[in-house]
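This report describes a single protein chain in formal terms. It begins with individual loop residues and then turns to helices and the chain as a whole.

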Amino acid sequence: CPPLAESTAAVGRYAMTQAIEESTSLGIDVLYGDTDSVFLAHPTPEQISELVAWTDRALGIDLDIDKEYRYAIFSKRKKNYLGVFADGSVDIKGLTGKKRHIPPLLSNAFMELTAILGGVETPEEMLEAKKEIQILVESVYGKLKDRDFDLNEIAFRVMLGRKLSSY
């Protein structure tokens, strides 16, 4: 039922817009907001409590803290980001490098990139990580440019999701 789906999305957009405005009024720096999530930079426990109470009172919505990242990196595309938890583990959402159809040469480089980013704990360390990532990217680019790879490293592997006759 498209009208129901559209109205549900509209209610979600309204709630998130209002939550973002309230976060800003509470002095919280809003990094990103979407249909079902908002990313806040360094809110205090008091600010979180106020925001949670406000969303319950004003919107009738239970707002929960889902994840706490040490830092996050956002792409320009919606719902595409990488978050690094306090323990250094990496949460990847929507980024192409982790998808199954990506050739191993690129997928392995992406996993190496996430390992580099998982080790970053300070802004100073991010500068060094950027240099390591640049070397990694240049290395992969050089392999591709010089055709210095095995065909299996760049092969696309795709599976059919249904029986062939159902397509």
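## Loop residues with positive phi

In this predicted model, His 42 is placed in the loop that links β2 and α2. Its phi is near 50°, a positive value in a residue other than glycine. His 42 has a relative accessible area of 73% and is therefore exposed, the cut-off being over 50%.

Arg 147 belongs to the loop between α4 (123-145) and α5 (151-154). The phi of Arg 147 is likewise positive, near 55°, in a residue other than glycine. With a relative accessibility of 70%, Arg 147 counts as exposed. A positive phi, about 85°, is also found at Gly 27, just after α1.

## Helix α1 and its cover

Helix α1 covers residues 2-25. Its 24 residues should span 34 Å at 1.5 Å a residue, and the C-alpha atoms at its ends are 34 Å apart, so the expected and computed values agree.

The buried residues of α1 are Gly 12, Ala 15, Met 16, Ala 19, Glu 22 and Ser 23. Among the elements that cover them are the strands β1 (29-33) and β2 (38-41), together with helix α2 (45-59).

## Ser 107 in helix α3

Ser 107 is part of helix α3, which comprises residues 104-118. Its relative accessibility is 18%, and because the limit for a buried residue is under 20%, Ser 107 counts as buried. When neighbours within four places in sequence are set aside, Ser 107 is in contact with Gly 97 and Ile 102.

## The chain as a whole

Five helices and five strands make up the secondary structure of the protein chain. Read from the N terminus, the order of elements is α-β-β-α-β-β-β-α-α-α. The radius of gyration is 21 Å, well over the 15 Å that the globule rule gives for 167 residues, so the chain is more spread out than a compact globule. Along the principal axes, the C-alpha atoms fill a box of roughly 60 × 55 × 25 Å.

Of the 167 residues in the protein chain, 28% are buried. Among contacts with a separation of 6 or more, 38% are between residues 24 or more positions apart.

## Surface and charge

The accessible surface of the protein chain is about 11,900 Å², and carbon and sulfur atoms account for 56% of it. The chain carries 20 positive and 26 negative charges, and the mean positions of these two sets are 12 Å apart.

Notes:
Residues are numbered from 1 along each chain as its sequence is written. This is a predicted model: local features need pLDDT of at least 70, side-chain atom pairs count only at pLDDT 80 or more; totals for chains, interfaces and linings use all residues. Side-chain values use heavy atoms; hydrogens and water are left out. Helices (H or I, at least four residues) and strands (E, at least two) are DSSP runs, numbered from the N terminus. Buried means under 20% relative accessible area, exposed over 50%, partly exposed in between (1.4 Å probe, protein chains only). Contact means heavy atoms within 4.5 Å. The radius of gyration is taken over C-alpha atoms; the globule rule is 2.2 Å times the number of residues to the power 0.38. Accessible areas come from the Shrake-Rupley method with a 1.4 Å probe; for residues, only the protein chains shown count as cover. Lys and Arg count as positive and Asp and Glu as negative; His and the chain ends are not counted. The place of a charge is taken as NZ of Lys, CZ of Arg, CG of Asp or CD of Glu. The expected span of a helix is 1.5 Å times one less than its number of residues.
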